[in-house]
Amino acid sequence: MGPAAAYLAATRREMPAFLARDHYRSIFDGLQTSLSSYGATPEFDLTYSAERTCETIRTGERQIVIYDQYLGQTFNQLNRLHFNTTDPREARVYAYKIAAEFAQIDGQPRLGAVLAMAHVASRDGTIGHRKDTDVAHRMRITALQEAYVMAHEAFHTIVERQVAWREQMLRDARADFLKNFYLSAIIRLEEANHPDLDTIAPMYLKQMELFGSDDALVEECLCDTLSMSVICPHPDRNPSIGQVEEARDAIFFALRHLRLLALVRHAVHERRPGFVANDAWLDPYLVRTQFLQWALGQFPPLLALRTPEIVTRFELTQERYSKFVEDPILFELPTAIAEYANKVYPEAHERELGDALTDTLLQHPEQAQRMSQLGEKFFITDPELMSQEFYDTRLRALQARMYEEKDAKSTADRASRPL
């Protein structure tokens with residue numbers, strides 16, 4: 001067993017039967033060729049698990065970038081929502097599925113089962129995302145996003161080895177961004193007497209302080225921009241505007257996908273509503289997104305995209321993503337998870353599952369059989385939790401309790417009547 005296989009076997013529950021190695025071989029080969037000009041040829045390997053990560057392991061002089069194929073499938077589904085859906089509810093339905101899987105990873109199988117049930121019970125009729133307007137475009141975007149994630153991870157290994165270059169790049173990126181994005185933005189707001197200046201300026205100042213003090217965050221931004229040199233078509237090849245625009249959109253929305261996945265993972269772990277606006281964990285993702293959007297506008301192959309028409313199209317694309325993908329998850333999912341968690345983890349711990357699951361099963365008894373078949377799909381490993389017998393037992397117990405409560409209420413009503 002090689003080092004990558006041994007690491008994966010020890011750290012996650014793989015599903016190797018689903019690996020599409022031939023599909024990814026061309027991406028791996030292309031990245032190795034492109035990255036060789038930076039004096040590095042990292043190895044690439046593939047896995048398939050609910051982790052949805054891309055990471056590097058080191059063994060001796062070898063550096064192996066391990067890409068999780070399930071991340072690409074998730075990108076593809078988010079792209080389908082972005083390009084096709086006209087119903088914001090569809091994003092939340094899909095987010096229940098992601099949250100169910102993250103709950104299993106986080107050691108919360110009961111919450112995972114409830115979230116899986118929420119996904120199954122609410123997904124009927126959510127088919128708008130399947131009506132593709134341009135399948136080839138979506139597939140190209142997804143492939144570019146996967147390559148971007150791999151390139152980003154590989155560049156971490158490159159900048160770590162070249163210490164002096166890294167320090168110079170960090171200084172340059174920090175000075176350039178603080179001056180030409182944050183400070184210039186605040187000055188423009190002041191000159192325009194913007195009505196939201198008192199809200200935006202403190203937020204920008206907070207992010208400036210973070211960017212000015214966090215080398216790890218600046219390196220993340222740096223690897224994002226270095227990845228552009230690999231993903232964007234080279235100017236010498238005379239790419240069309242459409243090709244360059246696709247590369248720009250792929251990179252930018254890949255980062256927004258990653259930010260959204262981080263939100264869902266955090267919401268599952270915290271199990272509380274209202275954290276999005278108040279918690280500092282989101283600030284690095286906001287800074288990184290702002291930096292990437294700013295850097296995309298400075299990158300030479302993308303300068304042609306600064307025409308008013310293309311800038312407007314990019315803005316409309318961002319608005320669509322916010323409306324149909326991000327906002328339904330960002331503003332609704334944390335509260336939903338908190339509500340489910342409160343039922344799944346009652347203070348008395350009298351039942352293994354709360355009423356959120358059992359009530360839903362009573363309302364949708366036809367879902368019980370379907371639910372029992374979701375073990376592999378949702379990576380729920382407890383056979384008792386996923387067995388049909390378990391759900392039948394839970395339903396009988398709930399029905400018996402309801403009958404007892406009904407009989408007790410009838411007896412109390414009779415006792416309270418005057419003779």
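These are my notebook entries on a small sheet, two helices against it, and one aspartate.

**Ground rules.** I'm working from a predicted model, where local features need pLDDT of at least 70, side-chain atom pairs count only at pLDDT 80 or more, and totals for chains, interfaces and linings use all residues. Residues are numbered from 1 along each chain as its sequence is written, and side-chain values use heavy atoms, with hydrogens and water left out.

**The sheet.** I looked up the strand order first and got β1-β3-β2, an open sheet of three strands with mixed pairing. Strands here are DSSP runs of E, at least two residues, and helices are runs of H or I, at least four, numbered from the N terminus; two strands pair if DSSP finds at least two bridges between them. At the edges I find β1 (43–47) and β2 (54–59), each pairing on one side only. On average, neighbouring strands are turned by 30 degrees against each other, direction ignored (axes are lines fitted to C-alpha atoms, for helices over the stretch in contact, and angles run from 0 to 180 degrees between N-to-C directions).

**β1 with β3.** I checked this pair next: β1 and β3 (residues 62–68) run parallel over five bridges. Asp45 has Ile66 in β3 as its bridge partner.

**Helices on the sheet.** Helix α2 (residues 21–35) packs on the sheet and touches β1 and β3 (contact: heavy atoms within 4.5 Å), its direction making about 155 degrees with that of β1. Helix α3 (residues 69–84) also packs there, touching β1 and β3, at about 40 degrees to the direction of β3.

**Asp87.** I found Asp87 in the loop between α3 and α4 (89–105). Its relative accessible area is 24%, so I log Asp87 as partly exposed (buried is under 20%, exposed over 50%, partly exposed in between; 1.4 Å probe, protein chains only). The C-alpha atoms of Asp87 and Val325 are separated by 9.4 Å, with their positions 238 residues apart along the chain.
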